[in-house]
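Colleague: Please take one part of this model and go through it closely, setting out what surrounds it and how far the coordinates can be trusted. I would rather have a single connected account than a list.

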Amino acid sequence: MTQEEGLKNKIESYLQQRVEQYQSWYDAKAVKMKRNYIRSRIASAVGAVLVPIVSNISFSVTVAESVYDLSRISVTVIGLAVALLIALEGVLHHKDQWVNYRSTEQYLTTQRNLFTHRVGDYSSLEDEEAFKLFVSRVETAIAEENAVTLNVLSRTESETTSGIKSDNT
């Protein structure tokens with residue numbers, strides 16, 4: 001095997017075993033986080049709209065000579081569910097994770113296309129130098145995504161709502 005063939009095999013292996021693997025993983029995580037975020041937002045919005053409607057409906061039921069106002073109970077339960085969904089978003093940061101994963105996946109795709117077609121920063125480089133630059137950018141993007149995810153997940157709700165940002169945001 002020639003040195004050129006060895007480099008081509010190394011490049012193909014890296015593309016398949018590292019880049020494609022991470023692109024697929026980031027894509028799947030972005031889809032999941034977007035779905036979680038959208039569902040949570042829809043449920044919160046529906047619940048918020050239902051509270052005033054249900055509070056204006058009088059619906060009581062008598063059980064064993066006790067009267068229960070189902071309207072008040074329903075408003076309380078719906079209000080608690082909305083508050084819980086909002087609080088969980090403050091902890092889980094689905095939107096931030098979705099954007100982070102999607103951005104990283106798109107960056108990897110862009111770098112792969114630029115490298116594969118030898119355009120942009122890769123255009124004037126020899127194969128080995130272009131591959132080194134490509135690997136450096138991919139690995140840096142993966143490391144930065146990991147750091148951002150840890151930072152996002154370690155933020156508290158008070159930091160998120162008050163606009164305070166930590167050093168890594």
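## Helix α3 and its surroundings

Modeller: Just after helix α3 (helices being DSSP runs of H or I with at least four residues, strands runs of E with at least two, both numbered from the N terminus), arginine 118 takes a positive phi of about 50 degrees. This is a predicted model, in which local features need pLDDT of at least 70 and side-chain atom pairs pLDDT 80 or more, while totals for chains, interfaces and linings use all residues. Numbering starts from 1 along each chain as its sequence is written, and side-chain values use heavy atoms, without hydrogens or water.

The same arginine 118 also lies over the face of phenylalanine 115, 4.4 Å from the ring centre; the criterion is CZ of Arg or NZ of Lys within 6 Å of that centre and within 35 degrees of the ring normal. Phenylalanine 115 in turn belongs to one aromatic cluster, together with Tyr14, Tyr122, Phe131 and Phe134.

The helix that precedes arginine 118 has 23 residues, and from its first C-alpha to its last α3 reaches 33 Å, close to the 33 Å expected (1.5 Å times one less than the number of residues). Its buried residues (under 20% relative accessible area, against over 50% for exposed and partly exposed in between, with a 1.4 Å probe and protein chains only) are His94, Gln97, Asn100, Tyr101, Thr104, Glu105, Leu108, Gln111, Arg112 and Phe115. What covers these residues includes α1, α2 (70-92) and α4 (127-154).

Leucine 108, which is found in α3, gives a detailed view of that cover. With a relative accessibility of 0%, leucine 108 counts as buried, and if its neighbours within four places in sequence are left aside, it is in contact (heavy atoms within 4.5 Å) with Tyr22, Gln23, Tyr26, Val138 and Ala141. For one of these partners, valine 138, the C-alpha atoms are 6.4 Å apart in space, although leucine 108 and valine 138 are separated by 30 residues in sequence.

The aromatic rings provide a second view. The structure holds 11 aromatic pairs, that is, rings of Phe, Tyr and Trp (its six-membered ring) with centres within 6.5 Å, called stacked when the planes are under 30 degrees apart, edge-to-face when over 60 and tilted for the rest. The pair of tryptophan 25 and tyrosine 26 is edge-to-face, because the planes stand at 75 degrees, with the ring centres 5.3 Å apart. Tryptophan 25 is partly exposed, at a relative accessible area of 41%, while tyrosine 26 counts as buried at 0%. Tryptophan 25 also forms an edge-to-face pair with tyrosine 101, with 5.5 Å from centre to centre and 80 degrees between the planes. Since tryptophan 25 lies in α1 and tyrosine 101 in α3 (residues 94-116), this pair ties together parts that are 76 residues apart in sequence. Tyrosine 101 itself counts as buried, at 4% relative accessibility.

The helix that contributes tryptophan 25 spans residues 3-55: α1 has 53 residues and reaches 76 Å from its first C-alpha to its last, close to the 78 Å expected at 1.5 Å a residue.

On the other side in sequence, histidine 93 lies in the loop between α2 and α3. Phi of histidine 93 is near 50 degrees, a positive value in a residue that is not glycine, and this histidine is buried, with a relative accessible area of 1%.

Within α2, valine 82 counts as buried at 13% relative accessibility, and apart from neighbours within four places in sequence it is in contact with Ser44, Gly47 and Ala48. The C-alpha of valine 82 is separated by 54 Å from that of glutamate 129, 47 residues away along the chain. Serine 71, also placed in α2, is buried with a relative accessible area of 7%; not counting residues up to four places away in sequence, serine 71 touches Val54, Ile57, Ser58 and Phe59.

As to confidence, the mean pLDDT of the chain (the predictor's confidence in each residue, from 0 to 100) is 92, and 92% of the residues reach 70 or more. Over residues 164-169, however, the pLDDT is below 50, and beyond near neighbours in sequence this stretch has 5 contacts in the model. Where pLDDT is low, predicted coordinates should not be read in detail.
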